[in-house]
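Visitor: I should like to understand how the terms used for a protein structure are justified. May I put some questions to you while we look at one?

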Amino acid sequence: MNFVPGNQQRHLRACMVCSIVQVQQRFIREGCPNCESFLGLQNHPDSVQECTSQVFEGLITLADPAKSWVARWQRLEGYVPGVYAVKVVGQLPEEVVQSIEDAGGRYVPRDGTVHDDDA
């Protein structure tokens, strides 16, 4: 995530799958750098609204997710460097959860409802 001017901070959104934080227009323009293959957010504003949330808590900046203990703690290993939310509030549509599972993934909500022993 690049510098976000103060007047743009209200446009920040967090991906409900990986928790990366970007401005809404970047999600629309470029999609999610971690989840684009199965979310397909690029050029789909409705999908951005469904799969990202303006309600999130805490921010983590990861420069090297492969070496970071924080990345392991937050289940962010293998993701691109960037700014991530600690907790993301929202519920993905069931068809999106199904597409994640069809792609071989497992959706773990980022809202704190699933504990490490459950994941």
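Guide: Tryptophan 73 is found in helix H4. Please bear in mind that the model is predicted.

Visitor: Why is tryptophan 73 called partly exposed?

Guide: Its relative accessible area is 46%. Buried means under 20% and exposed means over 50%, with partly exposed in between. Tryptophan 73, at 46%, is therefore partly exposed.

Visitor: What makes the nonpolar surface patch, and what is its area?

Guide: Trp69, Trp73 and Val86 make the patch, which covers about 350 Å². A residue of a patch must have over 30% relative accessible area. Tryptophan 73 has 46%, so this requirement is met.

Visitor: How do you know whether glutamate 101 counts as buried, exposed or partly exposed?

Guide: Glutamate 101 has its place in helix H5. Its relative accessibility is 44%. Since that value lies between the limits of 20% and 50%, glutamate 101 counts as partly exposed. Glutamate 101 and phenylalanine 38 are 63 residues apart in sequence, and their C-alpha atoms are 9.6 Å apart in space.

Visitor: What makes glutamate 30 and arginine 26 a salt bridge?

Guide: Their closest N and O atoms are 3.1 Å apart. The rule asks for a side-chain nitrogen of Lys or Arg within 4 Å of a carboxyl oxygen of Asp or Glu. The distance of 3.1 Å is within 4 Å, so the pair qualifies. In general, side chains of opposite charge can pair when their charged atoms come close.

Visitor: Where do glutamate 30 and arginine 26 stand in relation to each other?

Guide: Both belong to helix H1, and because they are 4 residues apart there, about one helical turn separates them. Arginine 26 has 22% relative accessibility and counts as partly exposed; glutamate 30, with 39%, is partly exposed as well.

Visitor: How many salt bridges are counted by this rule?

Guide: The count comes to 2. Arginine 29 also forms a salt bridge with glutamate 30, with the closest N and O atoms 3.7 Å apart. This value, too, is within 4 Å, so the definition is satisfied. Arginine 29 has a relative accessibility of 48% and counts as partly exposed. Salt bridges thus link Arg26, Arg29 and Glu30 in a network.

Visitor: Let us turn to the strands. How do you know that strand S1 pairs with S2?

Guide: Two strands pair if at least two bridges are found between them. Strand S1, residues 12-15, is joined to S2 by 3 bridges, so the condition is fulfilled. The two strands run antiparallel. Arginine 13 stands opposite glutamine 22 in S2, and leucine 12 stands opposite valine 23. S1 and S2 form a hairpin with 5 residues between them, and serine 19 in the turn has a positive phi of about 75°.

Visitor: How many bridges join S1 to S3?

Guide: There are 2, and these strands run antiparallel. As at least two are required, S1 and S3 are paired. Cysteine 15 stands opposite threonine 52 in S3.

Visitor: Why do strands S2 and S3 stand at the edges?

Guide: The open sheet has 3 strands in the order S2-S1-S3. Strand S2 (21-23) and strand S3 (52-53) each have a single partner strand, so one side of each is left without a neighbour in the sheet.

Visitor: Which way do the side chains of S1 point?

Guide: Leu12 and Ala14 point one way, while Arg13 and Cys15 point the other way. All four are buried. In a regular strand the side chains alternate between the two faces of the sheet.

Visitor: Which residues touch the most other members of the largest nonpolar core?

Guide: They are Cys15, Val17, Cys32, Leu39 and Leu92, in a core of 31 residues. The elements that give two or more residues to this core include S1, S2, helix H1 (24-30) and strand S5 (82-88). S5 supplies the largest share, 4 residues. Leaving aside residues up to four places away in sequence, cysteine 32 touches Cys15, Cys18, Ile20, Phe27 and Leu41.

Visitor: How much of the protein chain counts as buried?

Guide: Of its 119 residues, 41% count as buried.

Methods:
Residues numbered from 1 in each chain as written. Predicted model: local features only at pLDDT ≥ 70, side-chain atom pairs only at ≥ 80, totals over all residues. Heavy atoms only, no water. Buried < 20%, exposed > 50% of the residue type's maximum accessible area, 1.4 Å probe, protein only. Core = buried A, V, L, I, M, F, W, Y, C linked by side-chain atoms within 4.5 Å. Contact = heavy atoms within 4.5 Å. Patch = residues over 30% accessible without salt bridge, like charges linked within 9 Å, V, L, I, M, F, W, Y side chains within 5 Å. Areas by Shrake-Rupley, 256 points an atom, 1.4 Å probe, with all protein chains shown as cover.
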